[in-house]
Amino acid sequence: MPTSLKIAVLPGDGIGPEGMEAAMQVLQAALASDGYELEAEQALVGGAAIDECGEALPPATLTTCENASAILFGSVGGPKWETLPPARQPERAALLPLRRHFRLFANLRPGLLYPELVPASPLRPELIPDGIDLVCVRELTGGIYFGEPKARHSLPDGDEEALDTMIYKRSEIERIAEVAARAALERQGRVCSVDKANVLTTSVLWRETVSAFFDRYYPQIELSHLYVDNAAMQMARNPNQFDVVLTENMFGDILSDEMGIVCGSLGMLCSASLGLGRNAEGQPFGLYEPAGGSAPDIAGQGIGNPCAQILSGAMMLRFSFGLGNIADRIEKAVREAVREGYRTADIAFGKEPVNTAAMAEAVLERIPRV
Ligand code: IPM
Ligand code: MG
């Protein structure tokens, strides 16, 4: 009897379902050769859920997620739902409640550009001859995204005001610092913490806490600090000066998009959002999703890049199931397929592009056997 891994599969909208189908085939094949199988329960999310049930994150979907050890997420959103009020739109009404509900406080976004794909980056090739390799660790359940009060009111003079609250506790900063430290220990051992401590009080606490935390628990890690404006500039100038970037919620949102474009196609970038909770395997419960969006312009044509979804699945195996060895094999296979010239349109650059299914097939065939 194979050991089954219970996951919730939320394909969502646009190219989400196509990428998910391809990724599931690859994951299943990689797992099967090691005696594991996926027990995947599919659920509606995003615009697909709005159309079907009137809300982006129906209670039944939440239940499916609660009963699983991890969530494999596709992508949500599209022009059809853009006229809804912002709080009901697929992106916000699905992702933010999921993050809050499962206390997914740690968002890991690897910025990896293979040397073969250097032309996909807008940076001059001589700046990144060997590609790019860094990771952004973003705090995901605090700061201005979730801080209270949030309000909007009319003023007696007829004017109007709105406010959000940026707020952090020392304990929230320490737990995300711990995630960054662990990531750095597996890499080059360098963390750059990004804040705006020359202006914001939350950032002053952030910088003090991060410094004290690394001094005390991780003195072997090389810690540096940058203000966020400078960090944004450095990311565009020389991304490889970074190993692990550690930052708060909103700065991480912005910097990780910048990192995404610097690393070429969003179609290659995966992410993990890890929670405080433990799953049935005793590992962190997490949500795993491609960095790119639902790409409505190419949806339904079967030409989207499935690699980000496949690589998100690999991260899921590593973090939520402790199957780093299988994750490694999948990552190697993706790399190998790209190196041998299999490219979807977003990364083709003169090569004859293959479609979603062929790309997934090329990866699948290259998974090293045990
Ligand atoms: C992201 C997205 C989300 C965020 C949106 C869709 C709410 O931009 O995951 O980076 O701002 O966190
Ligand atoms: Mg974003």
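This report looks at the surroundings of ligand 1 and at two spots in the backbone. The structure is a predicted model, so please read every value below as computed from that model.

**Where the ligand sits**

Let's start with the pocket. Ligand 1 is found in the second largest pocket. Its shell is made up of Glu91, Leu96, Arg99, Arg109, Arg138, Tyr145 and Asp253. Sorted by class, five of these residues are charged and two are nonpolar, while none is polar.

Which helix gives the largest share of this shell? Helix 4, spanning residues 90–101, provides three residues. The shell also draws on two domains: at least three residues come from domain 1 (1–106 + 266–370), and at least three come from domain 2 (122–262).

**Polar contacts with the ligand**

Here are three side chains that have a polar atom beside an oxygen atom of ligand 1, with the distance for each.

| Residue | Partner | Distance |
|---|---|---|
| Arg99 | oxygen atom of ligand 1 | 2.7 Å |
| Arg138 | oxygen atom of ligand 1 | 2.8 Å |
| Asp253 | oxygen atom of ligand 1 | 2.9 Å |

How much of ligand 1 does the protein cover? On its own, ligand 1 has 320 Å² of accessible area, and the protein covers 75% of that.

**Two spots in the backbone**

Now follow the chain to two loops. In the loop between helix 4 and strand 4 (106–113) you can find Arg103. This residue has a positive phi of about 50 degrees, although it is not a glycine.

The other loop runs between strand 5 (132–139) and strand 6 (151–154), and Pro149 is located there. What kind of peptide bond joins Glu148 and Pro149? The bond is cis, with omega at about 0 degrees.

Conventions:
Residues numbered from 1 in each chain as written. Chains lettered and ligands numbered in written order. Predicted model: local features only at pLDDT ≥ 70, side-chain atom pairs only at ≥ 80, totals over all residues. Heavy atoms only, no water. Near = heavy atom within 4 Å. Polar contact = N/O pair within 3.5 Å; in protein donor to acceptor, adjacent residues only side chain to side chain. Areas by Shrake-Rupley, 256 points an atom, 1.4 Å probe, with all protein chains shown as cover. 1 Å grid on protein atoms, 1.4 Å probe; cavity = no way out; pocket = protein on both sides within 12 Å on 5 of 7 lines; lining within 4 Å. Sits in = over half its atoms within 2 Å of the grid points. Helix = DSSP H or I, 4+ residues; strand = E, 2+ residues; numbered from the N terminus. Nonpolar A, V, L, I, M, F, W, Y, C, P; charged D, E, K, R; others polar. Domains from an automatic or database assignment.
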